[in-house]
Amino acid sequence: EKELTSLEVSLKVEDVQKEIHSLEGKKKILDGTITELNSEMIRLHKQSEVQTKLDMLLDSQKVKEESIERLKVEHEETIESLLGPVPLDDLRERLSTFISTQSESVKQGNSQQKKLQTNLSTKQAEKTSLSGQLRQKEDELRDLDTKLSNVCDSQDLDTEFTEVQRNLTQAQEERGCLLGAEHMIKKYIRGLERNNPTCPLCSRGFQQAQEIRELILKLQEQLRKVPANKRKAEEEMETYQQKYDEIMQLRPVKDAAGNIRERDIPALKSKLKKLDEEIKCLKKDVESKEEECVLMEGDLQTAKSLQPDVVDMDRRRAEVRQLQRDIEELKSSWGEPGGAVSGRAMNEVIAEKEEKQLELETLEKSLELRRTRLSEHQNKMHELKARAQDLQGEKLRIEGELQQRTKLEERRATLTSDITNHQRDIEKAAAQLHPIEANIERLMQEKADITQDKEFMLEKARADVDKVKNHGTGVKNLNTEIKAYLQSGKPAQLDRGQQQQAEIAEQQTLKENMQQEVSSRLQELTEHISGQQVRQRELLDTLELRRKETQIVELEEQIAVLNVKLGDMDLKNLERDRQRLLGLETKLTQQLHNASGRQQGFKEQIRATQKELDSAMYKDANHKYSSKIIENKTTEIVNGDLQKYYGAMDKAIMMYHKSKMEEINIIIRELWKNTYMGNDIETIEIQSEAEDAAAASTIKSRRTYNYRVVMIKNGIPIDMRGRCSAGQKVLASLIIRLALAETFCVNCGVLALDEPTTNLDRSNIESLAFALVRIIRERSTQRHFQLVVITHDEDFVELLGRSEHVDEYIEVSKNHE
């Protein structure tokens, strides 16, 4: 319904119909206009000389306007980018003003750029100076660190100083101990050498003299070791004292290194960082200013390049205005045969007719488009309405099912309540069940008998009813026959028929009485059967009661078993789990429905895609794809073959070029040696270098060559440009042209020389003349050979005249006329 509403809103049918009606009206108007234009064309065909002149003027005006428009279109974007939208009348002055203003802006921009560049150079020089200072400080710090490390190794100076001070104190104490030990040992030895000595430590006497001697020997041994230990202690003390003095001298070095590391280097780095940022900003400013200057210079050059075209446009506009005045004068003097004056030319009418015809075609296309759009809109509306009705029916069906489900749930609650009541009734009827069972069996037997009698009577009644129906059919047939009889006009048959009819009526009355009796009996039997059905229902309910009681007992036993299995499990937790699982089931059901909806959407997409694939655009796509693949592969093979042929052709052309260049250079060397009288240049030749060899490998690009003339000196080729005299240039030019003519113009033997002796000295003029005589002699047998020389040098002509092959001289002079 939303899609239908949006579709109805998206297209207003009444507006489209109004547009169609309006377009049809316009179409009629255009048809009338085209008819009028055809009539006007017929009239204009009768025009003569004036029409021709007018057409010529109009054509000239159109050509000039087109040239103006072409120039305008060609430079419109450039002019708008430079000057903005400017009318043509003011364009020339505005462009001149812009050029002068832009020139001043370019000068100012270049000046600012130079200032920024100077500032940048200053900052870079300052950075270089600071970098040098930083390197100097770092080198100084490394030297100081090296001095400190040489003394302190890898330890800190204070730690090393503390350790050296401790070791020096220990060495001094060791030396003092050794000095005291030497004095004490000597004193002990002297005491032991007396009579009745005692232990110097504990004053205890000795039992044997041997113990005294052993102790004296031990003390003497210790006394002998004292000098060596004392020297060692003194050496260590001197070493530690020296290191202590060195560390004390390094205190200022450490302070200087600390100042450099903590103050000087960070300050220099901070300044360098600040300078780097300033340089970076200046570079950006310089680059932006350079770009700005380049853009301004580009705009200036563009404006200067535009100036000739703008002047040309201005001139042509003046010519167009003059042509317009001429056209107006011609139109004012041009009257039609009927006395009316036509203001248009034939080409204008034709152009207008073509324009109206094009407008008519466009209008017809627009009209057809709107009609198609309206038809498609109506078809889509019908489809959406049909689909909405289908969905509405499905919605009603689902709502009915939902109501049925609600009723069933209510029925379920009612049945649950009935089950509870029945359970109570079952408990009450349990005690009364045994006496009723015998009565039930008896009643069941009576029921069977009555049912059997009822079936027999019903069968008999059905047979009677069928018989009556058959008689009724017979009556209908007789009525048909009576009608046929009446139509046939047979009175005797009518009497018999009436008699038979009376008899049948009596039988019908009897049968109707019998039918009434049977119907009453059938009604009685039906009532009896209904009572039996009620009784049967009661008996079935009783049997169902017994079955339910049995099920209740079984369920109670199962409940007891389950309670035993459950043990201490909480029923509330189980109920919560059941509710959770029910919620999960509901969620999964919802997801299933969502998935089904998405599946339906995908099916719709598949159908739409299949429909699109069945359309003319994608029909036979595999066949078309195969055809295109074959065509593409064929094209690739052809391209490969063309590349091979191109390579072979290029190689052949290169070989041909190489052979021709060798042939030309051979002729040039021979002519040079026979003509040039100097000794400074052995010979000359043409050298060619292939340019853009990589681009020449592709078919689209063309191989180009750079040719240069070189002179050979001592076997070394040297470029002649700027290194030879004017005469050498002229002689080289003549010889090269002679060689080219000798190589390529074999079948066209015309050799024309215009002032060949210009800038040549006398010896080279003679050599050139002799060379030409030799060429004449060699080519004298060739058919069509001609030598034409134009010169003012009579000596050169005389040298040529010595040959017997010169046919004639033509002297050209001028007189007073």
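Here is a walk through the cores, the pockets and one ring pair of this structure, which is a predicted model.

Let's start on the inside. In soluble globular proteins, nonpolar side chains tend to be buried together. Here, the largest nonpolar core is made up of 33 residues, and the ones with the most contacts inside it are Ile668, Trp672, Ile684, Leu772 and Phe796. If you want to find this core by element, look at α11 (621–675), β1 (683–691), α13 (726–744), β4 (750–754), α14 (762–779) and α15 (794–801), each of which gives at least two residues. The largest share comes from α13, with eight residues.

Leu772 is a handy place to zoom in. Setting aside its neighbours within four places in sequence, Leu772 is in contact with Leu751, Leu753, Phe796 and Leu800. There is also a second core, separate from this one, with twelve residues, among them Ile79, Leu83, Leu95 and Phe98.

Back to Trp672, one of the residues with the most contacts inside the largest core. The structure has one aromatic pair, and Trp672 is half of it: its partner is Tyr676, and the two are stacked, 4.6 Å centre to centre with 20° between the planes. Which are these two, buried or exposed? Both Trp672 and Tyr676 are buried.

Now for the empty space. Rolling a probe the size of a water molecule over the atoms shows where empty space is left. The largest pocket has a volume of about 1,100 Å³. Its lining has 26 residues, and those nearest the centre are Val788, Val789, Glu808, Tyr809 and Ile810. α14, β5 (786–790) and α15 each put at least two residues into this lining, and β5 has the largest share, with five. Two of those elements, α14 and α15, also each supply at least two residues of the largest core. As for chemistry, the lining of the largest pocket splits into twelve nonpolar, six polar and eight charged residues.

The second largest pocket holds about 520 Å³ of space. It is lined by 16 residues, and Ile419, His422, Ile426, Glu544 and Lys548 are the closest to its centre. To find it, follow α7 (346–430) and α9 (491–566), the elements that give two or more residues to its lining. What is the make-up of the lining of the second largest pocket, in nonpolar, polar and charged residues? The lining divides into six nonpolar, three polar and seven charged.

Terms used: Residues numbered from 1 in each chain as written. Predicted model: local features only at pLDDT ≥ 70, side-chain atom pairs only at ≥ 80, totals over all residues. Heavy atoms only, no water. Core = buried A, V, L, I, M, F, W, Y, C linked by side-chain atoms within 4.5 Å. Buried < 20%, exposed > 50% of the residue type's maximum accessible area, 1.4 Å probe, protein only. Helix = DSSP H or I, 4+ residues; strand = E, 2+ residues; numbered from the N terminus. Contact = heavy atoms within 4.5 Å. 1 Å grid on protein atoms, 1.4 Å probe; cavity = no way out; pocket = protein on both sides within 12 Å on 5 of 7 lines; lining within 4 Å. Points joined across faces, edges and corners; volume = space filled by probe spheres on them. Nonpolar A, V, L, I, M, F, W, Y, C, P; charged D, E, K, R; others polar. Phe/Tyr/Trp six-rings, centres within 6.5 Å; stacked < 30°, edge-to-face > 60°.
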